[in-house]
Each structure stands twice: as structure tokens, then as C-alpha cells.
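Dear colleague,

I am passing on a structure for you to look through, and below it you will find my notes on what I found. Please keep the structure open beside the text while you read.

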Number of protein chains: 2
Amino acid sequence: MVERVLDVVGIGNAIVDVLVQTGDDFLAAHGLAKGTMTLIDGEQAERLYASMGRGLECSGGSAANTIAGLASLGARAGYIGKVRDDALGDAFASDIQALGVAFETRPATAGASTARCLVLVTPDAQRTMQTYLGASGGLGPEDIDEEMVAAAQVTYLEGYLWDPPGAKLAFRKAMQVAHGAGRMVALSLSDPFCVDRHRDEFRELVETGVDILFANEAEITSLYQARDFDAALQHVRGLSQLCALTRSAKGSVVVYGEEIHVIDAEPIGHVVDTTGAGDLYAAGFLYGMTRGLDLRRCGQVAGVCAAEVIGHVGARPQVALSSLVAAIA
Amino acid sequence: MVERVLDVVGIGNAIVDVLVQTGDDFLAAHGLAKGTMTLIDGEQAERLYASMGRGLECSGGSAANTIAGLASLGARAGYIGKVRDDALGDAFASDIQALGVAFETRPATAGASTARCLVLVTPDAQRTMQTYLGASGGLGPEDIDEEMVAAAQVTYLEGYLWDPPGAKLAFRKAMQVAHGAGRMVALSLSDPFCVDRHRDEFRELVETGVDILFANEAEITSLYQARDFDAALQHVRGLSQLCALTRSAKGSVVVYGEEIHVIDAEPIGHVVDTTGAGDLYAAGFLYGMTRGLDLRRCGQVAGVCAAEVIGHVGARPQVALSSLVAAIA
């Protein structure tokens, strides 16, 4: 049971990342589309792992990365996601708890093992992901800790939850509980292919169910099947939701009603690995919101957090983000 | 006397450009701030010309470049600006008339010679300009062809006109005539240093006297002494004017009332010389407007025109712009 008040609770697929630096030829040989996330089954996972060297294992998962970022910023955060009671699952739990995040979802005691995402990082810093959902797909409505959700200012959901049927029910329940408690619901569209898989439902969700939308350029143009960013922007401007649209090196555009901010990316020397950029942008943005910062400032804090995570391999911050944003947040 | 209807009449300092490719060391040796325009007198001009090799002479002038672009797009255009009856002045006149532009301003028969602008192009494609205003500064209210201005849908004025006192009077008269005839007035802020010189007057002009504003990022942040683009954008959104804000490789942002478009730059292989980029953006934009295109399309046409002129040395298009924009305009 959670007594304290939380800033943000994240709900997502609890995944351990296996990071491997590779060349474009490997992507080509396996028919992988760069920059996207593909779901694979256990057998495919085994085959892929067998075809390559040992990777670097670290806790990941889109919403979990965001929550780790929020904790690093000093926010009070919780996480809900499903692992198996295996070694990877234990590592995931202890990693996120070590950050001070409330994580109490009961691990599965049978069935598929803890989810893994093979993250292939090419020399251009792009990441291509192959995800074996495993135990994470077992998340169901019974895992939604109603008190935790009701206690959080914002419930943050990743679009990837829409893939496993049970997780989708959990997603809907969390939305209901959050709104019932007068709280806000934020959604990240996660991935353009994920948007392709669920376009109509996502559109309805965005337009009627959520308060805050995070999407990158590929995702928002896919959602509205728009021919370019500006065309998608015109759709977004018709929404009453707060939308934060990320554009990689082009920065971000934040829209809320008649308000709009065009925010430049943080200057960064060398981009090493873009994994987690969107997740950490969301962390910084939600941190700003729960601190009552204006939207321009939220976007700036978000940009600083995204810049940190793309400067190194891995999707979680390597320094205390609170120190990086102290001057502006 | 002009019988026909015009799309746009441009009024500006009639200048012949002297293009020289140079290194950063030359700028440093002469204490020149890269990317800006500095006014010099006749003596300084002689000294600078003496210190360097022979440059490439070609007709220029900010508003004149825009008008040349409009003519290249197939628009009906006129130009008002002052040259001297010398060889350079004759070249300027025959260049612009050869494009089909109505140019009938009487040349000065005494006094300073035709204006020249020394354009120093550094290897990073930036241009640094030293302008000897010469005869162009002699433009006065008596040079404003009232029938030509009244016949044009848009009167386009360059901010540089605010430097010579007589030209400023001409500027005001043209505004009055255009508005009296129910026409639109467009202004380009020209240069951040020009904005510095006339900030208060320009602000008043922008907010009360013009219908369309063109400014690049440095100019608009200077106008509002804003700390970054987004902060300037918030000022601009309070205006009732149509504002087209250019951002080099970041594209442009077009604002009109509640409408806003974030338009990407045209992809371009190698940027050779950015001289004229803003002038040609304005040409494309005004072409779109006078053709009744929506603002998004105007911004796209503008981007195509700007991309053409930065791909080669010199501030005027080297191909018929009409062929480049045929697919979108």
C-alpha cells in the first residue's frame, strides 16, 4: 500500500535491455527496419542472441526509463510492470527500487521469463529494437495498484502496452482510476510501427482519453497519416490535450490550446545512442509539470534530460539529472 | 506611368554587390562581425577594395533581390531604388529590367556614385557585408511612384531603408500610399544590427504599420530582446500581423493570428553562399500569397527559392524559379 503522494506513476512493459553495438549490415542481414521496435517470440529471441556476441544487460522499458529519469530528477515516482521471478526480473526490480521508485508489482511465478529487448545500436547512434515481451505481457488489470495510481499527479502509460491484450485492459483500468481520482493521464505513442498497429484506437485514445500526449515526429505523422510534421501539427492544434512533439535534432514543439512553443534541442557534442531519448524527454517534461513550471520551461528541462541520455550507451541517465537541470527547473 | 496591375513592388537600397570569397582571418584583420552588414563611407570602401583582389560584380540590394526572385517566379513586379548615372548604375538598371521588372526611378545625375556592397563569403557559406550606400541613400519621397505603389498588391520594404534619412521618408510615403489604396505593406527587418540601430521605431512599425513581417531568428530576437527563438515567438504570437520567421537550416515558422506553421528547410546538398537566402525566401512567400496559396504552401515555396540561392555564389537565382516551384505552387 502506498501512503505517500506521488508525482508520477509509470506503467509499461518491464524489460531488460540487451545493448549491442552493430553495423548496418547486421540490420540488413536480418531484415530489420532501423529506428523501430519489432516484437519477436521466444524462439526468434534465442536465434538472434545466438547470432551475435554478448551484449550489455541493463534495466529498460520505455515507461520504466521515464520513471528512472523522474527519480533521478528528484521526483516521487512509482512503477507498475510485470517481471518473472527469475534473475533478470530480480535485477530489474532491484535497479528501479535502488532509485527510490515505488515498485511493488508481484512477479509472475510461472510462464514466460522476464522480457528482453535486443537493442542494436548502429554507428549513426540510431537504435533498432527487437523485443521479446515474455512475462511483461502478462500484466493485467489485477496488477494495477489503485491506491498508487490515485496517489499520483500523473499516470504515464506507454503505447507499447497496447500490444499484449491483458496489458491493454490494465491500461484502461489505470486510466479510469486516475481520472476517477481527478488525476492526469499521459500517453507516449512509443513507436511509429506501434501506431500503425493500433492507429484507430490510439487516435480515439488521444482525442478522448488522455490529458498529455508525447510523440515523436514519426509517430505523430503516422497517427494522422500526415505527409509531414507541419501537416501533423495542424491536426494536433485541433486537440484540447497538451501535446509535446519531439523532433530529434530539431528540438520539440509543445502545443496546448492556443499556446505553442518551438524549443530548440540542447546542443550536444557527440550523439552516441539515441535509445531512451523520448523516454527521458518525457521524464523532464513531467518533472517540470509536476513542479508547476511553465510549458516553455518544461520543454527546456525535457531537452536537457534527453541530451544526457543520448550522450552515452543505454537508456537511463548516468548522472543525477537534478544537478543538470538545477539552473532552469 | 504604370498601367498594368503589379503583384509586388519592392523599395530598397539599389546596390551592386562585389562578391569576394575570403577566409576568417580577413574578417578578423578588419574587425568585421561575421553575418552582419556594416555601413561604410566612401573612403573606407576605397581602402577595403584596395586591400583585396578583384571581386565578382553583380546587381544586388536586399529588396531588389526579392523582386528579381519574384520576376523569376513569373510574378509581375516593380522596383523603386536610387542609382547614379554611372556604369554601375546602368548595369543595375539593365539587369533588373532584363528580368521584366518595372524599374523607372530616375538616377541621380550628381553626387555619390552607385552604391556598392562588399560581400565577403567565408568557407562556412556565411556572408559579411560592408555597404557603401552612395547614391542609394539619396532615395527620397519624390522618388515614390504613387501609381506603381497603388497598383501593387504588396509593397515590400527593406529595413535598411531606415538608415538614410531621405529613404526613411520615402519608406513612410510608400506605406501611406499603399495603405491608402487598400494594399498590403510587407517589411523585412534586414539585419540584426539594423534592428539594433532602430529597435523602438521598428517595433512600432511592426506593430502598427505593416501587414506582413519577414525576419530571421537573429533579427526577431533582437527586435524583442528575447533570449531565444521561442521567447521571441511568444511576442510575435501577440501580433495581428502575418509573420514569416526564417531559421536557416531549421526552416521557418509562419504565424498569422491563431494559425502557425512549422516548416522544414528544403534539403540541400552543399551550402555555398547564404547571401540572398532571406531575400529569396520573401520572394517565394510573397509569390505564394499573391497567388492565393495557403500559408503552409507559401512557406514551402519560399523554402525552395531560398534553397536555390544558397546553392551558388550570388544573391539572385541562376535558374527560372518558376520551374522549381511548378510542382507545389
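In which loop of chain B does B:Gln241 lie? Before the answer, please bear in mind that this is a predicted model, and that every value below was computed from it. B:Gln241 is in the loop that runs between α10 (229-236) and β12 (242-246) of chain B. Around B:Gln241 there are 19 C-beta neighbours inside 10 Å, and because a residue needs 20 or more to be called buried, B:Gln241 counts as partly exposed. If neighbours within four places in sequence are left aside, B:Gln241 is in contact with B:Val206, B:Val210, B:Asp211, B:Ile212 and B:Leu213. You may also like to find B:Val255, which is 14 residues from B:Gln241 along the chain, with 8.2 Å separating the two C-alpha atoms.

A second loop residue of chain B makes a useful exercise. B:Leu133 has its place in the loop between β8 (127-132) and α5 (146-151) of chain B, and with 25 other C-beta atoms within 10 Å, B:Leu133 is buried. Apart from neighbours within four places in sequence, the residues in contact with B:Leu133 are B:Asn13, B:Leu39, B:Ala115, B:Asp163 and B:Pro164. By contrast with these contacts, B:Gly238 lies 35 Å from B:Leu133, C-alpha to C-alpha, and the two are 105 residues apart in sequence.

Two residues of chain A deserve a look for their backbone angles. Most residues other than glycine have a negative phi. A:Gln225, however, has a positive phi of about 45° although it is not a glycine, and A:Ser248, also a residue other than glycine, has a positive phi near 55°. A:Gln225 is found in the loop between α9 (217-223) and α10 of chain A, while A:Ser248 lies in the loop between β12 (242-246) and β13 (252-256) of chain A. A:Gln225 counts as partly exposed, with 13 C-beta neighbours inside 10 Å, and A:Ser248 is likewise partly exposed, with 17 other C-beta atoms within 10 Å.

Next come the two chains together. How many residues of chain A are in contact with chain B? There are 13 of them, and they meet 13 residues of chain B. On the side of chain A that touches chain B, the elements giving two or more residues are α10 (229-236) and β14 (259-263) of chain A, and β14(A) supplies the largest share, four residues. By class, the residues on this side of chain A are six nonpolar, one polar and six charged.

Chain A can be laid on chain B by a turn of 180° and a shift of 0.0 Å along the axis, with an RMSD of 0.0 Å, which is the relation of a two-fold axis. Since 100% of the interface residues of chain A are also interface residues in chain B, the copies meet through the same surface.

Now for the helices and the core. In chain A, the axes of helix α11 (residues 277-290) and α12(A) come within 7 Å and cross at roughly 145°, and this crossing of α11(A) and α12(A) is right-handed. Among the residues that meet here are A:Leu280 and A:Phe285 in α11(A) and A:Val301 and A:Val309 in α12(A). The contact of α11(A) with α12(A) has 15 nonpolar, three polar and two charged residues. In chain B, helix α11 (residues 277-290) and helix α12 (residues 295-310) pack at an angle of about 145°, with their axes 7 Å apart, and the crossing of α11(B) and α12(B) is right-handed.

In soluble globular proteins, nonpolar side chains tend to be buried together. In this model the largest nonpolar core has 229 residues, and those with the most contacts inside it are A:Val8, A:Leu286, B:Val8, B:Val9 and B:Leu286. The largest share of this core, ten residues, comes from helix α12 (residues 295-310) of chain A. To see one of these core residues in its setting, start from B:Leu286, which touches B:Val8, B:Leu70, B:Val154, B:Tyr156 and B:Ala186 when residues up to four places away in sequence are not counted.

With best wishes

Note on methods. Residues numbered from 1 in each chain as written. Chains lettered and ligands numbered in written order. Predicted model: local features only at pLDDT ≥ 70, side-chain atom pairs only at ≥ 80, totals over all residues. Contact = placed C-beta atoms within 7 Å. Nonpolar A, V, L, I, M, F, W, Y, C, P; charged D, E, K, R; others polar. Least-squares fit on C-alpha atoms with pLDDT ≥ 70 in both. Axes fitted to C-alpha atoms, helices over the stretch in contact; angles between N-to-C directions. Left-handed = near helix turned anticlockwise from the far one by under 90°. Core = buried A, V, L, I, M, F, W, Y, C linked by C-beta atoms within 7 Å. Buried ≥ 20, exposed ≤ 12 C-beta atoms within 10 Å, placed from the backbone.
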